[in-house]
Amino acid sequence: MAPARPTVPVASDRPAHRPSAREAMLDAAEAHLGEGGTLTLDSAARAAGVTKPGLMYHFSTKEQLLGAILDRMTARYEREMLALVAARHGAEIEDFAEAPAEHRVLAYLDWACTGAIDAADLVIFADPHLRVPLTERWEDQLSRWLGLPAGVDAGRGARLLAVRLMADGLWFDRASGVDVGSEGQLDQARELARDLLGGGA
């Protein structure tokens, strides 16, 4: 009698989506940073459960690895802020940078108050030798998201900048683990920001 054939799983038995090796490595590296770990290619490989050459197949330098983490984070931030604009204003836009400036800045503040933020979000500071290029990438992203419209008058520009700086501070403090107050206090701060931008923003 012939031996039984091994059972082949049908498509429905398989996970709907299996992350790529590259994404799994980024997941592990980001989690390691979030736990306060110092990230090196060696520690990233250990966190991902792969060899260092296996990691370096995807990220040949530490700058590439940290840059990929930063790019993935900023893509997540943008998706979440776009969803906040849609929820608050009912706007159907696909590019966050196309929303009105007040909507973008308030979405950034809302996200800084409520988004999932931890030490991994401070990736631009993860290596003092890479701080300048990583900060430049982050600054370019912020400029695209929150740059002032051409020809904006000084008063409106100052109000937009003030709210943006509130959000910057909240993002940094929350990522650093600093107490930023109660949920009620943050709600009041957001109301003040909306008033500063004209209430209906």
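**Aromatic pairs and helix α6**

Trainee: Why is Y77 called buried?

Mentor: Its relative accessibility is 2%. Buried means under 20% relative accessible area, exposed means over 50%, and partly exposed lies in between, with a 1.4 Å probe and protein chains only. Y77 is therefore buried. The model is predicted, with local features needing pLDDT of at least 70 and side-chain atom pairs pLDDT 80 or more, while totals for chains, interfaces and linings use all residues. Residues are numbered from 1 along each chain as its sequence is written, and side-chain values use heavy atoms, without hydrogens or water.

Trainee: How many aromatic pairs are there, and what makes Y77 and W138 edge-to-face?

Mentor: There are eight aromatic pairs. For Y77 and W138, the centres are 6.0 Å apart and the planes meet at 80 degrees. Rings of Phe, Tyr and Trp (its six-membered ring) pair if their centres lie within 6.5 Å; planes under 30 degrees apart are stacked, over 60 edge-to-face, the rest tilted. Both values of Y77 and W138 fit, so the label is edge-to-face. The two residues sit 61 residues apart, Y77 in helix α4 (residues 62–89) and W138 in helix α6 (residues 131–146). Helices are DSSP runs (H or I, at least four residues), as are strands (E, at least two), numbered from the N terminus.

Trainee: Is W138 buried or exposed?

Mentor: W138 is buried, because its relative accessible area is 7%.

Trainee: What makes the pair of Y108 and W111 stacked?

Mentor: The angle between the planes is 10 degrees, with 6.4 Å centre to centre. Y108 and W111 are three residues apart in helix α5 (residues 101–114), which means about one helical turn between them. Y108 is buried at 0%, and W111 is buried at 1%. Both belong to one aromatic cluster, together with Y77, F125, W138, W145, W171 and F172.

Trainee: How do you know that the length of α6 agrees with what is expected?

Mentor: The expected span is 1.5 Å times one less than the number of residues. For the 16 residues of α6 that gives 22 Å, and the end C-alpha atoms are 21 Å apart, which agrees.

Trainee: Which residues of α6 are buried, and why are they said to line one face?

Mentor: L134, W138, Q141, L142, W145 and L146 are buried. Taking directions from the helix axis to the C-beta atoms, they fall within an arc of 110 degrees, so they line one face of α6. E139 and D140, on the other side, are exposed. The buried residues pack against α4, α5 and α7 (154–176), where contact means heavy atoms within 4.5 Å.
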